[in-house]
Amino acid sequence: MNETTSANLTPGTASFPESEKKNHVPVQNRIYSQAIKQSPEFMNFQVDFAVCLNELKDYFNAIIMGNFKAPDALLEKTAAMIRPGQTTIDFFDMLHNLRSVDDSIYAHCLNVALIGRTIGKWLKIPAEDLETLTLSGLLHDIGKALIPDDLLNKQGRLTDEEYDLLCQHSQLGYDLLRPLPLNSHVKKAALMHHERCDGSGYPGKSTTDAIDDFANIIAIADVYDAMTAARTYRAPLCPFQVIAEFEKDGLQKYKPKFILTFLEHIASTYQNNHVLLSDGHAANIVLLNKNHLSKPLVQLDNGECIDLSRSELYINSLI
């Protein structure tokens, strides 16, 4: 039996107080989320996201129906969603808070494209490659459009046969894109975004040297988006919980340059942020620990400092 997940990294299930089990979202998370959703910036972002989403659906359908067209308009709309001068924390906060609006294949692909594009900027890749990386994210899960909806939307566990069928989406996506006049990185991202450097992925159990660089970047964005989304068996994980999961076993699964750049920038994004610790105390992040990014030095509201790397406490949520 296999549990439905978009990630090869499987986060542990969380326990919740009875009052929280209905929504699986702690009160502090909901307050933080409500403040973001009430901002004019979020409302504009939501409109732009919806427009881009419709464009992506049309593009998927065109490819499936054999009516290929150049992706220029789609790429332009996608790139425009990351606005000049927008802070990284604002971008990720808005992206995370669109979960309740749409969690479809298309929304996930758009999220992954935007996260992948952000990683590409952190890596300082050339502008032309940035467009290719963005398109790789947009199309990485196109194969899922060929998987029955009742399987994609099934709650709970999949049978072994259902899981095997779901895993075919990467090959199906590659087969759709292979004859098209697209950059080879885009095609390989569709095929290889579930491959892992330690050989634990699929469909080919490829290892480091055989995995396309763009596919590996998209894999990181794919896992991050999956882990920060709510699931029936757990609440959405906060960025520092995701970092902890990556630190636990992700460093062997992704190319070091890509995963370390990603983790360092995600952690830095939330420097000085107000957080809730696992014991219920509020604190500010005051200093990152480069050797253990999920466990920074924090200062409680009463002035006490705690080095989380020397404590069993962890960051539970942003507030």
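Which residues is Phe 262 in contact with, leaving aside its neighbours within four places in sequence?

1. Phe 262 is in contact (heavy atoms within 4.5 Å) with Ile 115, Ile 119, Trp 122, Ile 220, Tyr 224 and Phe 246, leaving aside its neighbours within four places in sequence.

2. This is a predicted model, in which local features need pLDDT of at least 70 and side-chain atom pairs count only at pLDDT 80 or more, while totals for chains, interfaces and linings use all residues. Residues are numbered from 1 along each chain as its sequence is written, and side-chain values use heavy atoms, leaving out hydrogens and water.

3. The largest nonpolar core (buried Ala, Val, Leu, Ile, Met, Phe, Trp, Tyr and Cys residues joined through side-chain atoms within 4.5 Å) has 85 residues, of which Leu 139 and Phe 262 touch the most other members. Helix H5 (residues 105-122) gives the largest share of this core, 11 residues. Helices are DSSP runs of H or I with at least four residues, strands runs of E with at least two, numbered from the N terminus.

4. Strand S3 (residues 274-277) runs antiparallel to S4 (residues 282-287), joined by three bridges; strands pair if DSSP finds at least two bridges between them. His 274 is opposite Asn 284 in S4.

5. Lys 187 lies in helix H10 (residues 184-192). Lys 187 is buried (under 20% relative accessible area, 1.4 Å probe, protein chains only) but has no salt bridge, meaning a side-chain nitrogen of Lys or Arg within 4 Å of a carboxyl oxygen of Asp or Glu. The side chain of Lys 187 reaches the backbone oxygen of Leu 180 at 2.8 Å.

Technical notes. Buried < 20%, exposed > 50% of the residue type's maximum accessible area, 1.4 Å probe, protein only. Lys, Arg positive; Asp, Glu negative; His and termini not counted. Polar contact = N/O pair within 3.5 Å; in protein donor to acceptor, adjacent residues only side chain to side chain.
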